[in-house]
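Visitor: Could you take me through one part of this model up close? I'd like to start on the outside and then head for the inside.

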Amino acid sequence: MGIGRSGRGRGLAAPWIRTRLRAAPAAAWALALLVALTAGLAAAFPRAVDQYQDDGLRRALDASGADRSTVQVSAPQPDGALSPAERARALRPKTLARQFEQVGEAVREPLAADPRQSSYGARTTEALAVPEKWIPQPSGLPAKVVLAAQSGLADHSTLTAGRLPRASTAPVTADTPEVEAAVSAETAENMNIAPGSVIHVPGEGRAPLAVRVTGVFTPRDPGGAYWSTVPLLRTPALMTVPNSPERLVYWLGALHLAPEAAPALLGVPGELSRYWHLAPATAPLRSHSLSGLRSAVAALESGPGLRAVRSVTDERTEVRTDLDEVLTGFERLRSGVSPLVAVAAVGAGTVAAVVLVMAGGLAADRRRTELALLRARGASLRGLTARLAGETAVVAVPAGAVGLGAALLLAPEGRRLPALLAAAVVTAVAVLALPLRALAAHRTVRVHDARADVTSVRPSRRRTVAELTLVVLAVGAVLTLRRRGTAGAELAAAAPVLVAVIAALVLLRLYPLPLRALARPAARLRGTVGPLSLARAARGSASAVLPLLALSVALTTAAFGGSVVAGVHDARDRAALLAVGADVRVERIAPLPAGLPDRVADLPGVGATTAMSVDYQAKPHAGRQSVPVAGVDIASYAGLADRTGLGAFGADEVRRPTDPDDPLPALASPVVAEAYGTRPFPVRLGDGSEITVRIALVRASTPAVSGTEFLVVDRAGLGDEAARPTAVLATGDPDGDALREATAGSDAHVRLRSEERDRFVDSPLQSGAERVYTAAVLAGAGFAVLALLLALLRSAPERAALLARLRTMGLTRAEGRRLLILESLPQSVLAVLGGTLTGWATIRLLSPGLDLTAIALPADQVAAVPAELRADALSLALPALGVVLLTVGVATVQAWWTGRRGAVGELRAGDTR
């Protein structure tokens, strides 16, 4: 099997692999490039998914707020049965710090506390009224304060006045008459507190505790867990007295004592709390350990972790957090997004696998004569297969390693094991494609190969059984997806691919029939190009199943993926339109300045405008239930509703009647129409005036109000005060900065539909999934193009030889170009038609089981705007057109190149092409 030479009576074989690589270096480099690219993409995919899921998990924790994500461990004040000294010792910083470390040790991995944002200390749990009159009293009620002694104040604040509080030299006890405190800048500003102020807090069984303010500070990270777990510690609140008809209010603020002064809290009335706040460290969190995170939180709330915490703090210690709910919400969002990404991944992976197999098949066909000769000379099938595998492995394994390394560099975050497995699978397919193809083709030693076109090769029983099995799997996947959706159905992710595979196999069996039928009438035409091209296309190679499969799967995946992306964009655009009401909305509670609507209308980019007054405090039947009432200019508003598609109606149906005593016809939402019927009923407006309305039309939505309850009436039927416009709706695409500049000084709120649409990308999980989905679809399309090129390259020698022979018989160059184009088009057109129809059918079949709202919209918009999967015309047409143009272009280039080489270079004696 090698080239031999003699030496000391012993034959030395030339190295097989080195000889083969030197004989065909271009093919080796092409295979290495293909494997490196495919392995890199395959390895980057799981790391990209891990990265956007990890970012989404961190974003979910940050967006939930520290008051929900922080694990709050709290214990009541020390037992009254203890001695005063023991009770005071339980509040000392050393005791709380030791317990804080022990509580942190009870946290189970993968949950970990962030020491920079975690805190501990003691504070009063009841607000204590203080008698100082110089503190603002909006309703004449005394202000109230909360006393807190929290650790780490100096590390988390910046002094703006005075100094931080210190404890006295003597140990502070419940009887200490005076302590020092600091307040936040917001507390000082709103409650008129300054350094030197003294606030007297009521005592329990003792004189009031004098709290002397020594400094004012600003928080260094107001949004961090240290300050946001209990927002009152940094921001005072204007509290409303419960069940107060007059809505009486009072100020509530926090006074920060030195940690050593915590025992003084034992001398004030009410309960106090010892607390240890554990802020979760978000940087090390990983989405793949989500189940472990939830288990760790559950253990702290009511499991072994709680027992451990109580053993080092107090038997009455409680653990409270909403972190488990945040994690559950993230898991719900991820479970809705992941199956959609899996659909694109399976499609792209299938096309990539087909391309790798086609590359192996191309190499086997190129070396068919060589391998047949080796078999005829006695090469064993096992030895031949092993040598081919070794030859391919020398090229593919380093290339796969290069692709894996590039993926690890370009996607630095994420798990390495899935990336390694993906690259290994790609490398294994590339290594085994050539040996297995040669094994199948050369099991029997042959001198001459039989014809292998679709006319002579009949489907075997095994192939028929395999195709029927695929049909059963595809039907099962489609039914599963339609009935149960994507949740918990791994087979559902492969449904589009399975449908495309079945369609490709059916088309491959059927496509010679219409071509043969067309060949007979074409034979009556003048010239040989038409009949010859149809005859050759009808007798295409039986190996055409792979390129046809690749194109069908790629077109189906591209159509499906493009429709998913289009559905996501449509849902966001619809949600933004419902939220804004038009392209632009300028609104405030009070009436707008007189010239503002005209200034908005005169801005560049603004189209039609309509002014309206929206009263959100209107009450039908003068009751307590309010219903927003919009007074609009009927003609312009009806045109806006028609253009936006939000409850279009005829202007005359809601126009003010000529008789002022008749009730105003109103357009109502279904909820309001069901509640009040069609009889006239009074509505008391916010300015005290009253109108009588009669519901004349019912629409599910309207531009003026975004909720499910509204009434729309003619503004001409309202009083002068109620008719003053409070909002302007406009169409067009004006500049946001110019719009806000035009409304500056009016306190009007400006909302643009484009900005609202961008805001709906609520989580990196959604935006990342959309990017990965798009990348997977594009990768699948690129591999499909490569599959088409490999198919044309595989038949290029035979077609070049045919063209050369025909030219010796008088075929012109123009006729040669037409022959190659017409011969290539049937299979490409077949794949285009089959892939497009399969994509459309797949979307129609699977749309009932797919919900795009998880990837399109934030959670609060899911119920208002359902996102449905619909066929997108561009996603169906553009990939199909690209395949046809590429086929024509490649055939044209091949005809031109063959013409340059000439017939002599293509024809040789004994050539069997």
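Visitor: Which residues form a nonpolar patch on the surface, and about how much accessible area do they have together?

Guide: Keep in mind that this is a predicted model. The patch is made up of L417, L420 and L421, and together they offer about 290 Å² of accessible area. Take L421: you'll find this residue in helix α13, which covers residues 416-441. L421 counts as partly exposed because its relative accessibility is 49%, and the buried class is kept for values under 20%.

Now for the inside. In soluble globular proteins, nonpolar side chains tend to be buried together. Here the largest nonpolar core has 62 residues, and the members touching the most others are Y52, L57, L111, L327, F560 and Y773. Helix α10, residues 323-366, gives this core its largest share, with 10 residues. Apart from that core there's another one, of 50 residues, including V426, V501, A504 and V832.

L327 is a good place to zoom in, since it counts as buried at 2% relative accessibility. L327 sits in helix α10, and once neighbours within four places in sequence are set aside, its contacts are L57, L61, L290, L293, R294 and V297. Look at S291 too: 36 residues separate it from L327 along the chain, and their C-alpha atoms are 9.1 Å apart.

Then swing over to Y52. Not counting residues up to four places away in sequence, Y52 touches V337, V341, P764, L765, G768, A769 and V772.

Key:
Residues numbered from 1 in each chain as written. Predicted model: local features only at pLDDT ≥ 70, side-chain atom pairs only at ≥ 80, totals over all residues. Heavy atoms only, no water. Patch = residues over 30% accessible without salt bridge, like charges linked within 9 Å, V, L, I, M, F, W, Y side chains within 5 Å. Areas by Shrake-Rupley, 256 points an atom, 1.4 Å probe, with all protein chains shown as cover. Salt bridge = Lys/Arg side-chain N within 4 Å of Asp/Glu carboxyl O. Helix = DSSP H or I, 4+ residues; strand = E, 2+ residues; numbered from the N terminus. Buried < 20%, exposed > 50% of the residue type's maximum accessible area, 1.4 Å probe, protein only. Core = buried A, V, L, I, M, F, W, Y, C linked by side-chain atoms within 4.5 Å. Contact = heavy atoms within 4.5 Å.
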